[in-house]
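Student: I should like to look closely at a single part of this model. Please begin with one loop and continue outward from there.

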Amino acid sequence: MKTFIQPLASEWLELAKRPENNTSGDVFASVQAILDRIKAEGDKAVIEFNTKFDGYANTLLEVSNKELEFAENLLPTELKSAIELAAANISTFHKAQKLSEIVVETAPGVICRQKMVAIDKVGLYIPGGTAPLFSTVLMLAIPAAIAGCSEVVLCTPPSANGSIHPAILFAAKLTGVHRVFKIGGVQAIGAMAYGTETVPAVYKIFGPGNQYVTAAKQLVSLRTVAIDMPAGPSEVLVMADEQADASFVAADLLAQAEHGATSQVILVTTSESLAQRAYDETMRILATLPRKEMAEKAINNSRIIVLKNDEEMMAFSNLYAPEHLIINTNNADELAEKATNAGSVFIGALTPESAG
């Protein structure tokens, strides 16, 4: 993780570059070949690719009600309570976003009406390879339930013995997902796009994934089904000043670095002292992480940038346009109002991205 001290504005574009992601024609060609097999052969091809990529060779693709109920018994009470609390908060926030019907008379006798209608069938993809993203279940399934989608199906990679992390299953049951399938990767996207003997075809697919899942979503969206977006690697920019707690800054950086080897984290600060303390804390905590190897690769793609003042920090942040922006400064509320390019903004020392 390299540190840059007061770089010239002419150097900012280079510092704002993301890590290279493999979007070569080879990736799309291999993904298209898998999708073609899924479309032509249905469950047979799904089972073949499940076996090849996840080691799961069983023909049983759907999670049973018994498995869903048993998953709840496998989770500690503390984790279940945390998931339930998060679900309640997410639900409250999204319910507030429901829009009323809009009726406008644009000219005498000309009435235009905008009506919000839920997508009938939606598919959710939940990564589970390097970490069980049960938070993604909450963020996707709760809005689907509030919108009133009549069929919500979820696909997630199984282990070789066919098990799925109980937190994913608990979150799926809690949020009203109708059907859960033990299918990962490209084969999951193909199954939800085209439908198989077991998996229903949906009208829109949501959820993150690796480069192969992203390529699959892009390809099926050309002719068959809508997608939310082709999501790239996860990232965070932390903006901090001299008063920031270096351990908080390090935790915010590493929490995002753990997402994957191609993730990127950036610290922007006006304090060389904080830059050094945050670096030292990041390296100290990194050595203790269970997912150290994954986070270490992301840290190698990351950087610390020391700038002259708040105006430069905000200008760099708006240039970089981070997925997540954390503002850990004394004047965080004031700076947050100047953030124009960010996916989500977390204001203050006690508002980590993980709380969002």
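Student: Between which helix and which strand is the loop in which A321 lies?

Tutor: The loop that holds A321 lies between helix 13 (310-320) and strand 12 (324-328). Both elements are DSSP runs numbered from the N terminus, a helix being H or I over at least four residues and a strand being E over at least two. The model is a predicted one, in which local features need pLDDT of at least 70 and side-chain atom pairs count only at pLDDT 80 or more, while totals for chains, interfaces and linings use all residues. Residues are numbered from 1 along each chain as its sequence is written, and side-chain values use heavy atoms, with hydrogens and water left out.

The backbone of A321 has a positive phi of about 55 degrees, although the residue is not a glycine. A321 has a relative accessibility of 32% and therefore counts as partly exposed; with a 1.4 Å probe and protein chains only, buried means under 20% relative accessible area, exposed means over 50%, and partly exposed is in between.

Beyond the loop, strand 12 runs parallel to strand 13, and four bridges join the two. Two strands are taken to pair if DSSP finds at least two bridges between them. Within this pair, H324 stands opposite S344, a residue of strand 13. In general, the strands of a sheet pair through backbone hydrogen bonds, either parallel or antiparallel.

Strands 12 and 13 belong to an open sheet of six strands, ordered 1-11-10-9-12-13 with parallel pairing. Its edges are strand 1 and strand 13 (344-347), each of which pairs on one side only. From one strand to the next, the twist averages 15 degrees, where axes are lines fitted to C-alpha atoms, for helices over the stretch in contact, and angles between N-to-C directions run from 0 to 180 degrees.

The edge formed by strand 1 leads to another loop, between strand 1 (2-5) and helix 1 (12-15), where Q6 is found. Q6 is a residue other than glycine, and its phi is positive, near 45 degrees. With a relative accessibility of 41%, Q6 counts as partly exposed.

As for cross-links, the count of disulfides, meaning pairs of cysteine sulfur atoms within 2.5 Å, comes to zero. The cysteine sulfur closest to that of C155 belongs to C149 and is 16 Å away, so a bond is ruled out by distance. C155 is buried, at 0% relative accessibility, whereas C112 is partly exposed, with a relative accessible area of 38%.
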